[in-house]
Amino acid sequence: MKRKKRTMKETKLLRNRIVKHYFNNPDKNGYKHIMSKFKVHESFIREVLSKELENRFKKRQCIRG
């Protein structure tokens with residue numbers, strides 16, 4: 001039986017939870033652990049984390065000058 005697709009609101013909340021979990025739990029931030037905890041695919045995790053890291057890098061560059 002297929003699972004229903006997530007709504008945009010659910011996806012946005014899930015993105016935030018994945019980012020928080022990744023940065024708050026350095027000992028449990030592997031893809032396999034996140035995949036099993038949030039029931040998402042590895043490509044989704046990569047997309048979320050790469051966007052977050054890119055945003056943090058850009059903010060850091062703006063602060064420095």
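**A chat about a three-helix model**

Modeller: Going by the radius of gyration, a compact globule of 65 residues would come in near 11 Å, but this protein has 14 Å. Keep in mind that this is a predicted model.

Colleague: Okay, what does the C-alpha trace span along its principal axes?

Modeller: The trace spans about 55 × 30 × 15 Å.

Colleague: And what's the secondary structure made of?

Modeller: You get three helices and zero strands. Following the sequence, the pattern reads α-α-α.

Colleague: How much of the protein is buried?

Modeller: Buried residues account for 18% of the 65 residues.

Colleague: I'm curious about histidine 21. Where does that one lie?

Modeller: Histidine 21 is part of helix H1, which covers residues 8–24.

Colleague: Is histidine 21 buried or exposed?

Modeller: Buried, because its relative accessibility is 7% and the cut-off for buried is under 20%.

Colleague: Which residues does histidine 21 touch, leaving out those up to four places away in sequence?

Modeller: Its partners are Lys28, His33, Ile34, Lys37 and Phe38.

Colleague: Stepping back to contacts across the protein: of those between residues at least 6 apart in sequence, how many join residues at least 24 apart?

Modeller: That share is 49%.

Colleague: New topic, the surface. What does the accessible area come to?

Modeller: About 5,900 Å², with 54% of that belonging to carbon and sulfur atoms.

Colleague: Last one, charges. How many positive and negative ones are there?

Modeller: The protein has 21 positive and 6 negative charges, and the mean positions of the two sets are 4 Å apart.

Methods:
Residues are numbered from 1 along each chain as its sequence is written. This is a predicted model: local features need pLDDT of at least 70, side-chain atom pairs count only at pLDDT 80 or more; totals for chains, interfaces and linings use all residues. Side-chain values use heavy atoms; hydrogens and water are left out. Helices (H or I, at least four residues) and strands (E, at least two) are DSSP runs, numbered from the N terminus. Buried means under 20% relative accessible area, exposed over 50%, partly exposed in between (1.4 Å probe, protein chains only). Contact means heavy atoms within 4.5 Å. The radius of gyration is taken over C-alpha atoms; the globule rule is 2.2 Å times the number of residues to the power 0.38. Accessible areas come from the Shrake-Rupley method with a 1.4 Å probe; for residues, only the protein chains shown count as cover. Lys and Arg count as positive and Asp and Glu as negative; His and the chain ends are not counted. The place of a charge is taken as NZ of Lys, CZ of Arg, CG of Asp or CD of Glu.
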